[in-house]
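Colleague: I'm new to reading structures. Could we go through this one together, a question at a time?

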Amino acid sequence: GRPSPDDLVAGLNPQQREAVEHRGGPLLIVAGAGSGKTRVLTNRIAHLLATGEARPGEILAITFTNKAAAEMRERVEALVGPAARMMWVSTFHSACVRILRREHAALGLRSSFSIYDAADSQRLMQLVCREMDLDPKKFNPKAFSRKVSDLKNELIGPREFAATIADGNAFDSALAQAFERYQARLAQASALDFDDLIAQTVRLLREFPDIKESYRRRFRHVLVDEYQDTNHAQYVLVRELAGVETEGWDTRGAVLPTGQLTVVGDADQSIYAFRGATIRNILEFEEDYPNARTILLEQNYRSTQNILTAANAVIARNAGRRAKNLWTAEGAGPSIVGYVADSDHDESTFVVEEIDRLGDSDGVKPGDVAVFYRTNAQSRSLEERLVRAGIPYKVVGGTRFYERREIKDAIAYLHAVANPDDAVNVRRILNVPKRGLGERTEGTLAWFAERERISFGAAVERYAEVGLPPRAEKGVAGFAELMAGLRAMLEGGASAAEVLDAALDRSGYLAELRASDDPQDASRVENLAELHAVAEEFAQATPDGTLADFLERVSLVADADQIPLDDGGQGVVTLMTVHTAKGLEFPVVFVTGLEDGTFPHMRSLADPDQLAEERRLAYVALTRARQRLYLTRAAVRTSFGVPNQMPASRFIDDIPPEVLEWRREESATEAMRRGWAGDGYGSGGYGGYRSRRDDDGDFAPAYGSGARRGERGSTGPRGPRSFGDGAPASGGLGTG
Ligand code: ATP
Ligand code: MG
């Protein structure tokens with residue numbers, strides 16, 4: 001039979017039990033990682049249903065990802081049965097879409113309104129900027145998109161923003177106008193962008209009291225997980241929905257029903273400040289909701305004491321936090337294992353060999369293991385070694401390296417250079433980056449190729465005979481010349497890496513990404529730098545290898561069929577950035593790249609706030625582990641085509657040595673080599689990226705290639721020793 005309400009609190013500790021049984025005013029549960037916050041939220045929902053105090057339809061539970069929502073729904077369903085399907089358990093965005101689909105008419109939207117993703121909304125902003133005749137160098141459309149997103153997260157509309165602009169601020173004035181036009185275009189298209197989903201739902205509730213009332217009557221219980229990562233718009237949305245009225249809060253005079261609000265979170269795990277999330281929402285909950293009850297949970301049920309000791313020590317160094325004393329009844333468990341590899345490749349080799357070994361000696365299944373990294377580009381060498389070892393894996397919250405768009409583009413260039421008749425690849429890059437060659441031009445070239453019975457690539461070379469309009473002809477001529485130049489390089493004996501660099505450089509591909517301040521483009525630059533490293537590695541291993549050999553090898557690794565599947569329910573190894581790992585747990589966790597400059601990310605080193613966020617990120621990473629935790633780093637990491645000496649992450653230094661056992665330490669020769677290595681390395685051509693923000697774990701280096709040495713050297717004694725000279729970098733293309 002169904003569990004009784006008592007069953008739902010059995011096995012909980014007294015604080016957890018209180019949180020499940022609490023009724024009445026707003027409830028805040030603050031607690032460290034693994035203390036059962038999510039479990040309490042789940043059991044609380046089940047308890048409300050089992051006691052008959054709430055019907056499933058009266059529950060709105062908000063989680064941070066769709067995956068977390070699915071898990072929570074499943075768990076409640078397992079506890080109380082299929083009626084649980086009537087609950088709303090979803091992310092903020094999905095909940096808002098559901099509300100807006102019902103209430104579209106009030107906002108003048110079609111019921112089938114479109115939702116623009118980041119790429120769509122950037123395209124729209126580009127269009128708007130072009131209409132306004134803005135110089136893209138001064139008024140970067142992507143920067144505008146970013147700002148508009150920030151403003152929407154603060155619930156600031158175009159007019160409100162315009163009212164705040166200082167006289168003579170040309171950028172902001174243009175931005176305000178672009179914002180207004182952008183909104184008008186969205187409305188014309190009956191479309192909403194991602195941030196609008198929240199902002200427009202807030203508007204709906206604020207402007208239509210009857211609609212607000214109907215939702216308040218409906219959702220008598222609003223529960224929010226990971227509350228520390230809500231931004232202002234989400235915060236207001238919660239208040240509007242839960243209807244916990246306080247002084248100064250605009251109720252428009254109506255006496256509305258109030259719901260019961262439960263939020264759970266951990267200020268130490270706030271890792272989305274760059275998206276407008278504010279810890280303030282959790283720190284000041286009690287002020288915002290004067291009648292709130294706060295419950296602290298201190299017992300951790302996830303990890304061993306050694307893992308907790310390490311995690312507690314790392315987070316303890318952040319200033320201005322409420323001290324917590326997380327403990328476990330689990331016992332010490334195995335020591336945390338540290339490993340210093342000579343290079344990033346050796347680091348991946350160690351991780352994969354260790355996963356293999358754990359399987360053989362301890363029966364650890366691939367599905368028990370997660371490998372974390374700070375930035376997406378770091379997955380490449382891991383993926384390659386996993387494929388070779390025949391260990392099944394998945395990349396969560398990201399795309400496998402060789403399926404990423406920029407990698408496919410770059411490889412298409414190489415294919416097109418190696419084989420001019422490769423129509424698919426030539427066509428892929430004909431207008432990448434944009435050269436004003438649209439479908440029409442492509443069609444004309446294809447038609448010409450067919451008529452002349454030649455390949456598409458050959459038609460490109462004979463552009464002058466095709467009869468293209470002058471502008472298109474000029475564009476094709478430029479492309480033909482580019483390809484001819486690259487082929488000449490290849491015939492002259494250039495390596496795959498050199499051809500790659502030249503292709504990305506001369507085509508303007510890299511420059512376009514670097515000029516962008518979209519964090520995704522920063523990540524693309526990093527991935528391309530990683531591809532460059534693959535080509536370099538290939539040249540070292542196979543000095544006689546041709547470009548065709550290189551491409552053959554890449555297609556073998558890239559072929560999805562090569563990736564072993566989960567056979568026999570053993571699960572697959574999970575690769576993910578630390579950001580994606582929030583809320584999850586795994587028996588075995590590898591945290592890789594623990595170097596100052598990798599994790600913490602380079603761009604955070606000079607900024608205390610960002611460093612504090614990196615530290616919270618490290619806390620999240622360590623606390624995902626249940627039994628075994630590995631901390632690895634590379635003494636030399638090649639990034640942006642440059643091998644860099646990397647000092648240990650400061651986070652490692654904070655871990656008490658008695659819980660950390662070094663499987664391999666930096667060798668003496670390695671340490672000595674630090675004295676001179678690094679000098680004479682060229683600076684990476686992929687390094688000149690200027691974004692300062694981040695989305696899903698892809699931090700871009702904030703410093704141009706010239707500034708990197710100086711910046712890093714200036715971090716004082718903590719900086720990499722070999723970068724202390726502050727000498728100007730060469731600005732070469734990473735051929736070091
Ligand atoms: P995070 O901050 O990482 O999101 P959390 O506080 O949400 O962590 P949970 O994921 O809810 O923690 O719980 C961590 C683990 O501890 C889960 O496996 C959960 O089932 C288990 N757990 C929680 N409370 C208890 C308990 N009273 N008895 C046994 N296991 C528990
Ligand atoms: Mg949780």
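**Walking through the model**

Modeller: Sure. Helix α16, residues 379-389, is mostly covered, with eight of its eleven residues buried. Keep in mind that this is a predicted model.

Colleague: Which residues of α16 are buried?

Modeller: For a residue to count as buried, 20 or more other C-beta atoms have to lie within 10 Å of its own. In α16, eight of the eleven residues pass that test. They are S379, R380, S381, L382, E383, E384, R385 and L386.

Colleague: And which residue follows α16?

Modeller: Look just past the end of that helix. The residue there has a positive phi, near 70 degrees, and α16 is followed by G390.

Colleague: Okay, on to helix pairs. Are α1 and α2 parallel or oblique?

Modeller: Helix α1 (residues 14-21) packs on α2 at about 45 degrees, and their axes are 8 Å apart. An angle under 35 degrees would count as roughly parallel, while 65 to 115 would be roughly perpendicular. The angle here falls in neither range, so α1 and α2 are oblique.

Colleague: Which residues make that contact, and how do they split by class?

Modeller: From α1 you have Q16, A19, V20 and E21, and from α2 there are V40, N43, R44 and H47. Sorted by class, the contact of α1 with α2 has three nonpolar, three polar and two charged residues.

Colleague: How do α5 and α8 lie, oblique or perpendicular?

Modeller: The axes of α5 (residues 118-131) and α8 (residues 170-188) come within 10 Å and cross at roughly 120 degrees. Roughly perpendicular covers 65 to 115 degrees, and roughly antiparallel starts over 145. That puts this pair between the two ranges, so α5 and α8 are oblique.

Colleague: How many polar residues does the contact of α5 with α8 have?

Modeller: On the α5 side sit L124, M125, V128 and C129, and they meet A178, R181, Y182 and R185 of α8. Six of the contact residues are nonpolar and two are charged, and the number of polar ones is none: there are no polar residues.

Colleague: Last topic, the ligand. Which helix gives the most to the shell around ligand 1?

Modeller: There are 19 residues around ligand 1, and G36, K37, T38, R39 and Y301 come nearest. By class, the shell has four nonpolar, ten polar and five charged residues. The helix that gives the most, with three residues, spans residues 37-50, and that is α2.

Conventions
Residues numbered from 1 in each chain as written. Chains lettered and ligands numbered in written order. Predicted model: local features only at pLDDT ≥ 70, side-chain atom pairs only at ≥ 80, totals over all residues. Near = placed C-beta within 6 Å. Helix = DSSP H or I, 4+ residues; strand = E, 2+ residues; numbered from the N terminus. Nonpolar A, V, L, I, M, F, W, Y, C, P; charged D, E, K, R; others polar. Axes fitted to C-alpha atoms, helices over the stretch in contact; angles between N-to-C directions. Contact = placed C-beta atoms within 7 Å. Buried ≥ 20, exposed ≤ 12 C-beta atoms within 10 Å, placed from the backbone.
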